[in-house]
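Work through these exercises with the sequence and the structure side by side. Try each task before you read its solution.

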Amino acid sequence: MVFDGVGAPLRPLDLPDPAPGPGQVLLCVRACGVCRTDLHIVDGELREPKLPLVLGHQIVGESNDGRRFGVPWLGWTCGECRFCTTGRENLCDRARFTGYDLDGGYAELAVADERFCFPIPDGYPDLQAAPLLCAGLIGYRALRLAGEAERLGLYGFGAAAHIVCQVARSQGRRVFAFVRAGDEAAERFARELGAEWVGDALGPSPEELDAAILFAPAGEHVPAALKAVAKGGVVVCAGIHMSDIPSFPYELLWGERVLRSVANLTRRDGEEFLALAPTVPVRTEVQVFALEQANEALDSLRTGGIRGAAVLRVSG
Ligand SMILES: [Zn+2]
Ligand SMILES: [Zn+2]
């Protein structure tokens with residue numbers, strides 16, 4: 001399913017089989033998760049994708065020797081810049097991203113740099129494994145950067161939050177879910193996964209939080225979350241794009257509150273999270289679409305109609 005540029009739906013197209021270069025592996029794609037980042041690309045909010053482009057950066061694929069690999073958003077790094085050489089390859093100046101700079105997994109075949117492929121943990125079927133590769137990984141990185149917070153707010157309860165909530169609960173944290181006012185489905189879902197309180201994302205918190213993670217791409221959540229966290233609390237913006245943040249009084253940041261973003265992932269995040277997920281155990285809830293239904297999957301994500309994560313079933 002090929003993206004030609006903003007304003008046109010993805011279209012099915014027969015492309016020549018991709019040929020793996022040195023250090024690359026050819027994968028038969030089994031499943032590919034659909035991420036909000038894909039929407040930001042389709043909508044032109046991320047401005048310079050390769051074109052034409054095969055989207056998709058939560059790839060579960062099988063190599064020709066029968067091993068299952070996951071391919072995440074971070075598809076290549078230079079290994080030489082001051083970020084790469086200091087354990088911060090997520091910030092690499094020349095990083096290339098799967099399904100953005102590199103063709104991704106909305107396709108039957110994909111090639112990937114073998115250094116950026118993760119073995120998929122046993123016990124996770126293809127479709128359930130796919131959301132671990134971005135929603136899970138980025139969510140995990142965001143949770144780590146939230147520190148030791150006992151009272152954790154999650155703003156937006158989609159694919160990433162439904163995974164982070166399970167991890168956080170298993171660590172004994174208390175989870176407060178902030179959803180769109182009146183979104184009863186999201187409310188029920190968050191409660192089922194262990195959130196002790198669910199309420200309006202723009203309203204007050206029932207008590208002070210130690211940290212908040214913002215998954216919804218709406219800038220107005222930033223002052224709301226700063227208002228909700230206690231002195232010394234952290235607000236982590238986990239998305240790659242967000243609408244403008246409204247101005248707010250300095251008082252909301254005062255008291256050593258920290259506001260930060262999370263960018264991409266490192267391979268270490270991937271190794272840690274994929275080792276952790278089966279021990280929680282994280283169970284992903286997926287809504288499955290055929291590869292040819294990629295546009296429907298994106299539309300459902302856009303309108304908030306997905307419970308858990310949207311995943312394309314590709315083959316097998
Ligand atoms: Zn993603
Ligand atoms: Zn680099």
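Just after helix H5, Gly 194 takes a positive phi of about 110°. Helices (H or I, at least four residues) and strands (E, at least two) are DSSP runs, numbered from the N terminus. This is a predicted model: local features need pLDDT of at least 70, side-chain atom pairs count only at pLDDT 80 or more, and totals for chains, interfaces and linings use all residues. Residues are numbered from 1 along each chain as its sequence is written, and chains are lettered from A and ligands numbered from 1 in the order in which they are written.

**Exercise 1. Find the buried and the exposed residues of helix H5 (residues 184-192).**

Solution. Start with the cut-offs. A residue is buried if 20 or more other C-beta atoms lie within 10 Å of its own, exposed if 12 or fewer, and partly exposed in between; C-beta atoms are placed from the backbone.
- Step 1: Ala 186, Phe 189 and Ala 190 are buried.
- Step 2: these residues cover an arc of only 95° around the axis, so they sit on the same side of H5. The arc is that of the directions from the helix axis to the C-beta atoms.
- Step 3: Glu 184, Arg 188 and Glu 192 are exposed on the other side.
- Step 4: the buried residues pack against helix H4 (159-170), S11 and S12. Contact here means C-beta atoms, placed from the backbone, within 7 Å.

**Exercise 2. Repeat the analysis for helix H7 (residues 267-276).**

Solution.
- Step 1: the buried residues are Asp 269, Gly 270, Phe 273 and Leu 274.
- Step 2: they fall within an arc of 115° seen down the axis, so they line one face of H7.
- Step 3: Arg 268, Glu 271 and Ala 275 are exposed on the other side of H7.
- Step 4: strand S9 (118-119) and helix H3 (135-145) are what the buried residues of H7 pack against.

**Exercise 3. Trace the open sheet of 6 strands and place S10 in it.**

Solution. Two strands pair if DSSP finds at least two bridges between them.
- Step 1: the order is S12-S11-S10-S13-S14-S15, with parallel pairing.
- Step 2: strand S12 (197-200) and strand S15 (258-261) are the edges, each pairing on one side only.
- Step 3: the twist from one strand to the next averages 20°. For such angles, axes are lines fitted to C-alpha atoms, for helices over the stretch in contact, and values run from 0 to 180 degrees between N-to-C directions.
- Step 4: S10 (residues 151-155) pairs with S11 (residues 174-179) in the parallel sense over 5 bridges. Leu 152 has Val 175 as its bridge partner in S11. Gly 153 stands opposite Phe 176.
- Step 5: 5 of the 5 residues of S10 are buried, so S10 is largely enclosed by the rest of the structure.
- Step 6: in a regular strand the side chains alternate between the two faces of the sheet. Arg 151, Gly 153 and Tyr 155 are on one side of S10, Leu 152 and Leu 154 on the other, and both faces are covered.

**Exercise 4. Describe the surroundings of Val 25 in strand S2 (residues 24-34).**

Solution.
- Step 1: Val 25 counts as buried because it has 20 C-beta neighbours inside 10 Å.
- Step 2: leave aside neighbours within four places in sequence. Val 25 is then in contact with Pro 20, Ser 63, Phe 69, Val 111, Ala 112, Glu 114 and Cys 117.
- Step 3: Glu 114 is 89 residues from Val 25 along the chain, yet their C-alpha atoms are separated by 5.7 Å.

Methods. Contact = placed C-beta atoms within 7 Å.
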